[in-house]
Amino acid sequence: MQQLKFGMRELESGNLDTAEQVFRSILEVNSSEIHSLHFLGVVLCQKGDVATGAALIEKSISIDSSRFSPLLNLGRFLVNGKQYMRARPILQEAVKRDGKSYAAWNLLAQLYFHQDDISRAAIAARKVCALAPEVPEAYFDLGVYLSALEEYEDAIDAYKRAVALKSDYLEAWVNLANLWKANGKVNEAMSAYQN
């Protein structure tokens, strides 16, 4: 347990080589130690070996499927690796397990968007905004999805919420200005571009 805690501290500190050595040494003694499998998988994914890392996290899940964080980490690495079909059931299971997880809903929204399932992306993004109403990026993403659905008034509202929370949010100001310009609201667009 002390070794595991040390490995986790090294992982959290970004000392990936040391963390990898610690988790590998634990697995030499007990090849099915679920936490070391999970965290070694995280280390390898962060080092760029997503295939091996994801396989280790999946092995950890197959031994004990009751834990939430391996599902979330596996989903995150698969989405980042653009393995959307593989990530989809994992993240859907994650939000079933913890319907209040901002991170899981956010990853699921991104996944749906990249799979051109824009309606589901917007639904998931609305959930993200409800869970984290203080996060400007949540409203920005919602604005992107709503724009793709041509729900421009709602997209404008989402971008307005983003810039209200973060007044120097350049991308949100630009998207807001572009939407206002496209909808003939020149004065509003000019003001947003100036901001």
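**Exercise 1. Contacts far apart in sequence**

Task: Find what share of the contacts with a separation of 6 or more comes from residues 24 or more positions apart.

Solution: The structure is a predicted model. Take the contacts in the protein with a separation of 6 or more; residues 24 or more positions apart account for 43% of them. A single pair can illustrate such a separation: Lys-47 and Asp-17 are 30 residues apart in sequence. In space, their C-alpha atoms are 9.1 Å apart.

**Exercise 2. The overall build**

Task: State how many helices and strands the protein has, and give the box that its C-alpha atoms fill.

Solution: Begin with the elements. There are 12 helices and 0 strands, so the order from the N terminus on is written with α at every place, as α-α-α-α-α-α-α-α-α-α-α-α. Next comes the box: along the principal axes, the C-alpha atoms fill roughly 70 × 30 × 25 Å. Then turn to the surface. The protein exposes about 10,200 Å², and carbon and sulfur atoms supply 51% of that area. Of the 195 residues, 47% are buried.

**Exercise 3. The charged side chains**

Task: Count the positive and negative side chains and say how far apart the centres of the two sets lie.

Solution: The protein has 21 positive side chains and 24 negative ones. The centre of the positive set and the centre of the negative set lie 3 Å apart.

**Exercise 4. The surroundings of Lys-47**

Task: Locate Lys-47, classify its exposure, and name the side chains with which its own side chain makes polar contacts.

Solution: Lys-47 sits in the loop between helix 3 (34–46) and helix 4 (50–63). Its relative accessibility is 38%, so Lys-47 counts as partly exposed; that class lies between the cut-offs of 20% and 50%. Leaving out residues up to four places away in sequence, Lys-47 touches Leu-16, Asp-17 and Glu-20. Two of these contacts are listed as polar: the side chain of Lys-47 meets the side chain of Asp-17 at 2.7 Å and that of Glu-20 at 2.5 Å.

**Exercise 5. The surroundings of Arg-67**

Task: Decide whether Arg-67 is buried or exposed, and list its contacts beyond four places in sequence.

Solution: Arg-67 is placed in the loop between helix 4 and helix 5 (68–80). Its relative accessibility is 13%. Buried means under 20%, so Arg-67 counts as buried. With neighbours within four places in sequence set aside, Arg-67 is in contact with Ile-34, His-35, His-38, Ser-60, Ile-61 and Arg-97.

Definitions and conventions: Residues are numbered from 1 along each chain as its sequence is written. This is a predicted model: local features need pLDDT of at least 70, side-chain atom pairs count only at pLDDT 80 or more; totals for chains, interfaces and linings use all residues. Side-chain values use heavy atoms; hydrogens and water are left out. Helices (H or I, at least four residues) and strands (E, at least two) are DSSP runs, numbered from the N terminus. Buried means under 20% relative accessible area, exposed over 50%, partly exposed in between (1.4 Å probe, protein chains only). Contact means heavy atoms within 4.5 Å. Accessible areas come from the Shrake-Rupley method with a 1.4 Å probe; for residues, only the protein chains shown count as cover. Lys and Arg count as positive and Asp and Glu as negative; His and the chain ends are not counted. The place of a charge is taken as NZ of Lys, CZ of Arg, CG of Asp or CD of Glu. A polar contact is a pair of N or O atoms within 3.5 Å; within protein, one must be able to donate a hydrogen and the other to accept it, and residues adjacent in sequence count only if both atoms are side-chain atoms.
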